[in-house]
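Colleague: Got a minute to go through this one with me? I'd like to hear the reasoning behind the labels.

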Amino acid sequence: MAAGHAHPLYRAGDSAVHRLPAHVKIVVAFVFVLAVVATPREAFAVFGCHLLLLAGVWVVARIPPGWLATRALIEAPFVVLAVLLPFFAAGPRVEWWGMSLSVDGLLAGWNILVKGTLGVLVSVTLAATTPLRDLVSGLSRLRVPAMVCVIATLMLRYLEVIVAEARRMRLARVSRGHDPRFVWQLGATVRSVGALFLRSYERGERVHLAMLSRGYTGTMPAFTTAPASTATWSVALLPAAAAVVCAASGYWVR
Amino acid sequence: MRGVGILGAVSSPPSLEVSGLAFAYPDGHQALFGVDLRIERGERVALLGPNGAGKTTLVLHLNGVHRAGAGEVRVGGLEVTREHVQEIRRRVGIVFQDPDDQLFMPTVGDDVAFGPANFGVTEPELSQRVSDALDAVGMADLADRSPMHLSGGQRRRVALATVLACDPEILVLDEPSTHLDPVARRELAEVLLGLDRTMLMVTHDLPYALQLCPRSVVIDGGVVVADAPTWDILADPDLLAAHRLELPFGFAL
Ligand SMILES: Nc1ncnc2c1ncn2[C@@H]1O[C@H](COP(=O)(O)OP(=O)(O)O)[C@@H](O)[C@H]1O
Ligand SMILES: [Mg+2]
């Protein structure tokens, strides 16, 4: 696949997972996440099965677990929530090391933690094996409305531009003695967020003008993505199907 | 008006014909007061003038973003009207001032394909157009890159390619040399000189105008105040001073 065209979560490679059409991977990831979410929270072993299935995908895609772990850190806020829940939830309580914890809260925290982690891992796996452009064309192949694809495309492109702009503005502030660690200087940061918003808005207008000038009439031209064969679909759907079976067995063994 | 060529053939209509064009913004600010401008096919013309003269406003009339309050604009003989707007936009290729506004697709190749695809070009011709346009600006091997990872000069040339891929009748460049280092500026000039297309170049960079455009038009206060060979205009210090134009330090004709 195209070298040099990456996003921070993309890990270039040529594995079977990388070569799968993007729309197939999106569907598989979606079904997998649904299966994880539908798994009853007390079916502890089933979550282990989900993780094993995912690990299988990582082996095929040659993604090291350490690489995944660092990228999965975006879920840290959920972890905090999960840790707090047992202390504050109501209902029957258990004693643990002298602390009184809510059973319901424990289960709820575990529920958030395990499902959140698995969901993030599935998403990171999808992103790690699929370049941005393919993700968008995959969405449009799945008949996601044109407007959503337009917005997604533009967001992908301009997120980088806006981040670079924010970095330049921060540098300009810092080089004039601004130290954002001091609370009383927060005002400057807030104002520059406002300026950033305005600049982004003005850019939006200019981009729209540039699009019109090249014949844009409201739909992105469809960029060719090959359809996937039945064989590809059935192989790719295997892990997702396995996850669904695991989730269902969770209800049965309960 | 159609003239008869030397060999008796009917000559082609001018690439651009602006007559009596006046325009006021919705807030009532009048930006153009009767502009006349005729550019023959194959000409390269510089559009000079101070900030606020109305250059960008004029450019946005050429492809129907603004509609003439009075007067008319014709591109290759076709009048700019609501019905023709799509064909007009194919014929007028505008390269905007900031390449980041122009390059909005995730990869260079997709971006170059955007225009022709909108104008109904399909595969396999589409891929051909993309590679031809990238070839013409010397960027053939960058089709898969994100525009974010290109240098300023490369971005400018890719922006040019996105417009060339539409095969325009006239190429319009808004301040093409801003933010370019000297080498990138020269490389862009070489690309532009090699194109052999009708060109209208908005610029403050007078030496660049001299290098690229045999003819210059000066616009100020919404009217054309001079239309002459670029050399003559740059050699007239009173004219330059009257319209806030200035040659760089040490430059004299
Ligand atoms: N959107 C707008 N609304 C009102 N006035 C405008 C707008 N854009 C430009 N103008 C005014 O029209 C005049 C011509 O502007 P412009 O064509 O952008 O000049 P130039 O490109 O030559 O610097 C200026 O006086 C400017 O303030
Ligand atoms: Mg301007």
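Modeller: Sure. One definition to start with: strands are DSSP runs of E with at least two residues, and two of them pair if DSSP finds at least two bridges between them. Keep in mind that the model is predicted.

Colleague: How do you know that β1(A) and β2(A) pair?

Modeller: Residues 93-96 and 99-102 of chain A are joined by four bridges in the antiparallel sense, and at least two are needed. One of the bridges links A:Trp96 to A:Met99. The two strands make a hairpin with two residues between them, and A:Trp97 in that turn has a positive phi of about 55°.

Colleague: Why is the pair B:Phe23 and B:Tyr25 called edge-to-face?

Modeller: Their ring centres are 5.1 Å apart, and pairing asks for within 6.5 Å. The planes stand at 80° and the cut-off is over 60, so edge-to-face it is.

Colleague: What makes B:Phe23 buried?

Modeller: Its relative accessibility is 9%, and buried means under 20%. B:Tyr25 has 29%, so that one is partly exposed.

Colleague: What makes B:Tyr25 a polar contact of ligand 1?

Modeller: A side-chain N or O atom of B:Tyr25 is 3.4 Å from a nitrogen atom of the ligand, and the limit is within 3.5 Å. For oxygen atoms of ligand 1, the distances are 3.1 Å to a polar side-chain atom of B:His29 and 2.7 Å to a side-chain N or O atom of B:Thr56. The protein buries 64% of the 560 Å² that ligand 1 exposes taken alone.

Conventions
Residues numbered from 1 in each chain as written. Chains lettered and ligands numbered in written order. Predicted model: local features only at pLDDT ≥ 70, side-chain atom pairs only at ≥ 80, totals over all residues. Heavy atoms only, no water. Phe/Tyr/Trp six-rings, centres within 6.5 Å; stacked < 30°, edge-to-face > 60°. Buried < 20%, exposed > 50% of the residue type's maximum accessible area, 1.4 Å probe, protein only. Polar contact = N/O pair within 3.5 Å; in protein donor to acceptor, adjacent residues only side chain to side chain. Areas by Shrake-Rupley, 256 points an atom, 1.4 Å probe, with all protein chains shown as cover.
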